[in-house]
Amino acid sequence: AAAGRSEPTPEAAAAAPRGRAPAAAATGQLAIRSTPARAGVIIDGTWRGRTPLTVRDLSVGTHAVRVVEDGYVAEMRRIAVDARTSPTTVSFQLARVRAVERAPTVPVRSAAKTGSLRFDSRPSEAAVFLDGRLVGVTPLQVSELAPRLYQVRLEKPGHRPWTTASTVVAGQQVRVAASLEESN
């Protein structure tokens with residue numbers, strides 16, 4: 001019985017390094033820079049942080065990388081990540097939103113037909129999803145929303161997602177404040 005117990009141990013030890021080697025070869029790194037700096041980074045729909053940012057242990061292949069910053073036009077690219085030991089570096093040059101693009105297309109007198117949501121969180125810089133669509137990071141104000149019930153989700157790496165429903169009221173700003181719990 002002792003001989004039977006000693007055989008699996010060397011096999012298990014020998015199998016462990018072989019099992020880890022493909023995993024290490026199947027991941028890569030991505031370094032993301034932006035102008036302006038401190039822009040939000042979303043990779044494959046998941047909030048990853050702010051630039052400059054290096055993301056490690058990304059699976060080898062193509063990833064959707066979106067960079068967002070309030071007052072700038074968001075930019076999305078598909079970036080190929082390989083298994084090199086040095087990160088693939090990508091730079092984003094975000095264009096400022098022109099005042100004409102930000103102006104409402106409806107007459108001023110109808111502005112009371114919309115409302116806004118103001119998002120704050122502790123800790124800040126949480127990704128804000130409104131009805132499942134990423135709209136920015138906290139602190140954030142989203143204006144010109146149709147009066148109705150919206151599903152809200154806030155996400156931040158290392159924290160549990162936070163969800164609620166919030167009703168937009170015409171002509172009013174509704175504040176949504178979240179306290180995100182650390183995930184263990």
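**Contacts and salt bridges of selected side chains**

In this predicted model, H63 is in contact with I43, D44, L58, R77, R78, I79 and V81, when its neighbours within four places in sequence are left aside. H63 belongs to strand β5, which covers residues 61–68, and its relative accessible area of 5% places it among the buried residues, because buried means under 20%. A polar atom of the H63 side chain also lies 2.6 Å from the backbone oxygen of S59.

One of the residues touched by H63 is R77, which forms a salt bridge with E75, the closest N and O atoms being 2.8 Å apart. Both partners of this bridge count as partly exposed, R77 at 27% relative accessibility and E75 at 21%.

A second buried position is R50, with a relative accessible area of 13%, and this residue is found in strand β3 (residues 46–50). Not counting residues up to four places away in sequence, R50 touches R38, A39, G40, E69, E125 and V137. Two of these neighbours are reached by polar atoms of the R50 side chain: the backbone oxygen of R38 lies at 2.3 Å, and the side chain of E125 makes a polar contact at 3.3 Å. Although R50 and E125 are 75 residues apart along the chain, their C-alpha atoms are separated by 8.4 Å.

Side chains of opposite charge can pair when their charged atoms come close. In this model the count comes to 10 salt bridges. The side chains of D120 and R175 meet in one of them, with an N to O distance of 3.0 Å. Since D120 lies in strand β8 (residues 115–122) and R175 in strand β14 (residues 173–179), the pair ties together parts that are 55 residues apart in sequence. The two partners differ in their surroundings, for D120 is buried, with a relative accessible area of 17%, whereas R175 is exposed, with a value of 56%.

Another salt bridge joins the side chains of D131 and R148, at 2.7 Å from N to O. Here D131 lies in the loop between β9 (127–130) and β10 (133–137), and R148 in the loop between β11 (140–145) and β12 (149–155), so the pair ties together parts that are 17 residues apart in sequence. Both residues are partly exposed, D131 at 37% relative accessibility and R148 with a relative accessible area of 40%. Finally, salt bridges that share partners join R38, R50, E69 and E125 into one network.

Conventions:
Residues numbered from 1 in each chain as written. Predicted model: local features only at pLDDT ≥ 70, side-chain atom pairs only at ≥ 80, totals over all residues. Heavy atoms only, no water. Helix = DSSP H or I, 4+ residues; strand = E, 2+ residues; numbered from the N terminus. Buried < 20%, exposed > 50% of the residue type's maximum accessible area, 1.4 Å probe, protein only. Polar contact = N/O pair within 3.5 Å; in protein donor to acceptor, adjacent residues only side chain to side chain. Contact = heavy atoms within 4.5 Å. Salt bridge = Lys/Arg side-chain N within 4 Å of Asp/Glu carboxyl O.
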